[in-house]
Amino acid sequence: MPLTPLDIHNKEFSKGFRGYDEDEVNEFLDQIIKDYEMILREKKEMEEKLEGLQDRLGHFTNIEDTLNKSIVIAQEAGEEVKRNAQKEAKLILKEAEKNADRIVNEALSKARKIALDIEDLKKQSKVIRTRFRMLIEAQLDMLKTDDWDQLMQYEIDATDLELSREK
């Protein structure tokens, strides 16, 4: 156990023949006591300062650990977001491809239907054209026949008959 200033102050030396000068020894001991007290005070201040610095160091170490954990968590979250975005992009791409295939298939189906409708219309057009030609030819044939002349004669006779009745 180290000496305290009080131990030094209360220390008594035995006296011997022609011993040390008592005043000089007491003056030296007083100086030692003052220096020792100053050193003990400085030591206590240094220990308190060290304790405060250790507390701050512990606090900053905790902050550093927390920041490191936060960085790791942020990196993991970033990676997770990136993975999710890639998955979502793949799903969107697949959905877009499905829709594109569906749209192309629908367009091809409609194009086939339109082509069939066009063919049907062409056939109907030919049928109508043929019928119309036949009708016109029949009408022309009828105009060219003698029956038409007789019909015209009959109309003229009927008109004359009516005129004569009126008179």
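This report covers the fold, surface, largest pocket, salt bridges and nonpolar patch of a predicted model.

## Overall fold

The chain contains three helices and zero strands. In sequence order the elements read α-α-α. Two of these helices, α1 (5-10) and α2 (22-144), also take part in the lining of the largest pocket.

## Burial and surface

Of the 167 residues in the chain, 2% are buried. The exposed surface of the chain comes to about 16,100 Å². Carbon and sulfur atoms account for 59% of that area.

## The largest pocket

Rolling a probe the size of a water molecule over the atoms shows where empty space is left. In this model the largest pocket has a volume of about 450 Å³. Its lining consists of 18 residues. Those nearest the centre of the pocket are Phe-13, Lys-15, Glu-22, Val-25 and Asn-26.

Helices α1 and α2 each contribute at least two residues to this lining. The largest share, six residues, comes from α2. Sorted by class, the lining holds six nonpolar, six polar and six charged residues.

## Salt bridges in helix α2

Side chains of opposite charge can pair when their charged atoms come close. Over the whole structure, five salt bridges are found. Among them are Glu-47 with Lys-43, Arg-102 with Glu-106, and Glu-119 with Lys-122.

The side chains of Glu-47 and Lys-43 form a salt bridge with an N to O distance of 3.2 Å. Glu-47 and Lys-43 are four residues apart in helix α2, so about one helical turn separates them. Glu-47 is partly exposed at 42% relative accessibility, a value between the limits of 20% for buried and 50% for exposed. Lys-43 is likewise partly exposed, at 48% relative accessibility.

## Salt bridges further along α2

Arg-102 and Glu-106 are joined through their side chains, with N to O at 3.2 Å. Both residues belong to helix α2 and lie four residues apart, about one turn of the helix. Arg-102 has a relative accessible area of 42% and counts as partly exposed. Its partner Glu-106 is partly exposed too, with 37% relative accessibility.

The pair Glu-119 and Lys-122 has an N to O distance of 4.0 Å. Here the spacing in helix α2 is three residues, again about one turn of the helix. Glu-119 is partly exposed at 40% relative accessibility. For Lys-122 the relative accessible area is 46%, which also places this residue in the partly exposed class.

## A nonpolar surface patch

Phe-132, Leu-135, Ile-136, Leu-140 and Leu-143 make a nonpolar patch on the surface. The area of the patch is about 460 Å².

One of its members, Leu-135, is located in helix α2. Leu-135 is partly exposed, with a relative accessible area of 46%. Membership of a patch requires over 30% relative accessible area, so Leu-135 at 46% meets that requirement.

## Summary

Helix α2 recurs in each local feature described here. It supplies six residues to the lining of the largest pocket. The pairs Glu-47 and Lys-43, Arg-102 and Glu-106, and Glu-119 and Lys-122 lie in helix α2. Leu-135 of the nonpolar patch has its place in α2 as well.

Methods. Residues are numbered from 1 along each chain as its sequence is written. This is a predicted model: local features need pLDDT of at least 70, side-chain atom pairs count only at pLDDT 80 or more; totals for chains, interfaces and linings use all residues. Side-chain values use heavy atoms; hydrogens and water are left out. On a 1 Å grid over the protein atoms alone, a cavity is a set of points where a 1.4 Å probe fits but cannot get out, and a pocket is an open set with protein on both sides within 12 Å along at least five of seven lines; lining residues have an atom within 4 Å of a point. Grid points are joined across faces, edges and corners, and a volume is the space filled by probe spheres set on the points. Ala, Val, Leu, Ile, Met, Phe, Trp, Tyr, Cys and Pro count as nonpolar, Asp, Glu, Lys and Arg as charged, and the others, Gly among them, as polar. Buried means under 20% relative accessible area, exposed over 50%, partly exposed in between (1.4 Å probe, protein chains only). Patches are made of residues with over 30% relative accessible area and no salt bridge: like charges are joined within 9 Å, nonpolar side chains (Val, Leu, Ile, Met, Phe, Trp, Tyr) within 5 Å. Accessible areas come from the Shrake-Rupley method with a 1.4 Å probe; for residues, only the protein chains shown count as cover.
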